[in-house]
Amino acid sequence: MSKIIKNLKQFSTSNDRFEGAHLLCPGCAHSIIVRELLNCTDDNLVVSSATGCLEVCTAVYPHTSWDASWIHIGFENAATAISGAEAMYKTLKRKGRLKDPDKPVKFVAFGGDGATYDIGFQFLSGAVERGHDFTYICLDNEVYANTGGQRSSSTPIGASTMTTPAGRVSYGNKKMKKDMIAIMAAHGAPYVAQVAPNKWKDMVKKYQKALAIEGPVYINAMSACTTEWKFPSHETIDISDLATDSLVFPLYEIIDGHELHITYRPRNVIPVRDYLGAQGRFKHLFKKENEHVIEEMQKTVDKKWEMLQRKEEAGV
Ligand SMILES: Cc1ncc(C[n+]2csc(CCOP(=O)(O)OP(=O)(O)O)c2C)c(N)n1
Ligand code: SF4
Ligand SMILES: [Mg+2]
C-alpha cells in the first residue's frame, strides 16, 4: 500500500528501507532515486539490481544497504531476474503455498543506462512484452560510470567521455541520446515516465502510481553523477534543477503507450547552455569552434518540448 506522505521532513524521517552506509560518491543521485522508491510504500519488495555503481556500492559483503529482498544479477538481466521472481510468486500464490498471501509484494528492478539502453535492452524489451507485473527504474547518468566513464547510447551529443574524449579533433560524443521513454511506450507498457531527484513529490507520485499499476512499468530517472558529469558534490540538486528547467530532462508520463501528460512546466525555461556550463563534461563546447553543438542541442530540446506538448494536446 502507498504511504501517505505529507511533507519532505515526514518522508525523510519515516522508516528508512535504504540504510545509510553505502559507498556511493557523496552527491550521487542514485541514492535519492532508490531511497524514495523504497520508502514510498509499505508493501513487501523484491528488488533486482544490475551490476553498476548502485549494486557495487550498496552490497559490499558482508554488509547491505537494502532492507528488502534483493537479488544481485548480471549487468544485462535485471529485468529477466525480476520477471522470473514475479512469475514464481504468482505460481506459489495460485497453488496456495504462500505463508501470507494477503500481504502485497511488489517487484522492482534497477539498472543503469548502460544496463538498460545498451546491454540489457533485449532482456527488458522481452520482460515488458511478456507483460510481467514489475517496475523497472533506469538510473540514467548517461555514462558507464562504474567502469570509468565510457559512453552509452544514453550519452548526449557533445559530452566528453572516456571513449569519446573531447580534444583538438573531436567535440566529444557525436550521437544524440536514444529516446528510451518513447521506445518503452511503443511496447504498450501501461505506464512510462521520467523523473528527477530535485522534484521529489513528482517522483514519489509516479513511483506510487507505478507500484499500484498491474503490468510492466518503465521509469527513466535522471541521475546526476558528480564524478563523470564533473560538478562539485554539493551541487547535485542545483544541476538537476538546471536539467529540468532547461527541459533537457522534461518530466512527463505516458499511459498505455499513448496518453501523454507533462507533469512539470518550468515557470522560466532557461537556456540549455546554462545546464551545460555547470558541468565539466561539456566545458569544451564553449570554445568558438564547438558552439554549433550547443545550438544543435538547444534545437533538439525545443523540438522535443514542442512534440511533447502536441502529443499532450492531441491526447492520443
Ligand atoms: C556483461 C557485462 N559486461 C560488462 C560488465 C562490466 N561492467 C560492470 S558495471 C559497468 C558499467 C555500468 O554502467 P551503467 O549500467 O550505466 O551503471 P552506472 O555504473 O553508470 O550506474 C560495466 C561495463 C559486466 N559486469 N557485465
Ligand atoms: S561515479 Fe557517479 S554514479 Fe557512480 S557512485 Fe559516483 S556519482 Fe554515483
Ligand atoms: Mg550509467
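# Reading a predicted model, feature by feature

Q: Where is Glu-142 found?
A: Glu-142 is found in the loop between strand S4 and helix H7. Helices (H or I, at least four residues) and strands (E, at least two) are DSSP runs, numbered from the N terminus. The model is predicted: local features need pLDDT of at least 70, side-chain atom pairs count only at pLDDT 80 or more, and totals for chains, interfaces and linings use all residues. Residues are numbered from 1 along each chain as its sequence is written, chains are lettered from A and ligands numbered from 1 in the order in which they are written, and side-chain values use heavy atoms, with hydrogens and water left out.

Q: Is Glu-142 buried or exposed?
A: Buried means under 20% relative accessible area, exposed over 50%, and partly exposed in between (1.4 Å probe, protein chains only). Glu-142 counts as buried because its relative accessibility is 3%. Its phi is near 60°, a positive value in a residue other than glycine.

Q: Which protein residues are donors of the magnesium ion (ligand 3)?
A: Donors are N, O and S atoms within 2.8 Å of the metal (3.2 Å for Na, K and Ca); water is not among the atoms, so sites may look incomplete. Here the protein donors are Asp-113 (OD), Asn-141 (OD1) and Val-143 (O), lying 2.0 to 2.1 Å from the ion. Their spacing along the chain is D-x27-N-x1-V. Asp-113 and Asn-141 link distant parts of the chain, 28 residues apart: Asp-113 is in helix H5 (residues 113-119) and Asn-141 in the loop between S4 (135-140) and H7 (180-186). Asp-113 is buried at 0% relative accessibility, and Asn-141 is buried at 4%.

Q: Which residues are around ligand 2?
A: A residue is listed if one of its heavy atoms lies within 4 Å of the ligand. The residues include Cys-25, Cys-28, His-30, Cys-53 and Asn-141. Asn-141 is thus a name to find twice, as a donor of the magnesium ion and in the shell of ligand 2.

Q: How do the axes of helix H4 and helix H6 cross?
A: Axes are lines fitted to C-alpha atoms, for helices over the stretch in contact, and angles run from 0 to 180 degrees between N-to-C directions. The axes of H4 (residues 78-94) and H6 (residues 121-130) come within 7 Å and cross at roughly 30°. That makes the two helices roughly parallel (under 35 degrees; over 145 is roughly antiparallel, 65 to 115 roughly perpendicular, the rest oblique).

Q: Which residues meet in H4 and H6?
A: Ala-79, Thr-80 and Ser-83 in H4 meet Phe-123, Leu-124, Ala-127 and Arg-130 in H6; contact means heavy atoms within 4.5 Å. Leu-124 and Ala-127 are among the buried residues of H6. Those buried residues pack against H4, H5, S4, H7 and strand S6 (217-222). Just after H6, Gly-131 takes a positive phi of about 85°.

Q: What covers the buried residues of H10?
A: The cover includes S6, helix H9 (226-230) and helix H11 (272-277). The buried residues of H10 (residues 236-245) include Ile-239 and Ala-243. Ile-237 is also in H10, but counts as partly exposed at 35% relative accessibility. Leaving aside neighbours within four places in sequence, Ile-237 is in contact with Ile-32, Pro-197 and Asn-198.

Q: Where is Leu-247 found?
A: Leu-247 is found in the loop between H10 and strand S7 (252-255). Leu-247 is buried, with a relative accessible area of 7%, and its phi is near 70°.
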